[in-house]
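User: Hi! I am new to protein structures and would like to learn how to read one. Could we go through it together, feature by feature?

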Amino acid sequence: MSRQPKVTGSNYHPLWRQISANWVSMNGNADTVSLCLETIWNSPKSTTTGYRAVGASLASAVQVYLAERTVSPPKLPQR
């Protein structure tokens, strides 16, 4: 991991604005918490079925992570 962001542009790929982190960055706003979960694209498992399996696994892992870290909402003052 690098502490410096990877900056891409038109020299990277003609569709660079539609690629993962670039799209997320350009389509969020100040109220958005965004993240990008990337998957390998040049593998024999890079098929619709393979991507669906990866997506299901990622979703399951995020659900488990969030469930383990559930924070109770703050108690509101009684009136």
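User: How many Å² does the protein chain expose, and what share do carbon and sulfur atoms supply?

Analyst: Bear in mind that this is a predicted model. The protein chain exposes about 7,900 Å², and 57% of that comes from carbon and sulfur atoms. Of its 79 residues, 8% count as buried.

User: Which secondary structure elements does the protein chain have?

Analyst: The count is 2 helices and 0 strands. Helix α1 covers residues 20-27, and helix α2 covers residues 48-68.

User: How do I decide whether a residue such as leucine 66 is buried or exposed?

Analyst: Look at the relative accessible area: under 20% is called buried, over 50% exposed, and anything in between partly exposed. Leucine 66 has 52%, so this residue is exposed. Its place is in helix α2.

User: And what about serine 34, where is its place?

Analyst: Serine 34 sits in the loop between α1 and α2. Its relative accessible area is 44%, so serine 34 is partly exposed. Now compare sequence with space: serine 34 and valine 24 are 10 residues apart along the chain, and their C-alpha atoms are separated by 6.7 Å.

User: Which residues is isoleucine 40 in contact with, leaving aside its neighbours within four places in sequence?

Analyst: Those are Ser46 and Tyr51. Isoleucine 40 also lies in the loop between α1 and α2. With a relative accessible area of 55%, isoleucine 40 is exposed. You can check a distance here too: the C-alpha atoms of isoleucine 40 and valine 54 are separated by 9.7 Å, with the two residues 14 apart along the chain.

User: Which residues form the nonpolar patch on the surface?

Analyst: A patch is a group of surface residues that are joined by distance. Here the members are Leu35, Leu37, Val54, Leu58, Val62, Tyr65 and Leu66. Together they have about 620 Å² of accessible area. You have met one of them already: Leu66, the exposed leucine in helix α2.

Note on methods: Residues are numbered from 1 along each chain as its sequence is written. This is a predicted model: local features need pLDDT of at least 70, side-chain atom pairs count only at pLDDT 80 or more; totals for chains, interfaces and linings use all residues. Side-chain values use heavy atoms; hydrogens and water are left out. Helices (H or I, at least four residues) and strands (E, at least two) are DSSP runs, numbered from the N terminus. Buried means under 20% relative accessible area, exposed over 50%, partly exposed in between (1.4 Å probe, protein chains only). Accessible areas come from the Shrake-Rupley method with a 1.4 Å probe; for residues, only the protein chains shown count as cover. Patches are made of residues with over 30% relative accessible area and no salt bridge: like charges are joined within 9 Å, nonpolar side chains (Val, Leu, Ile, Met, Phe, Trp, Tyr) within 5 Å. A salt bridge is a side-chain nitrogen of Lys or Arg within 4 Å of a carboxyl oxygen of Asp or Glu. Contact means heavy atoms within 4.5 Å.
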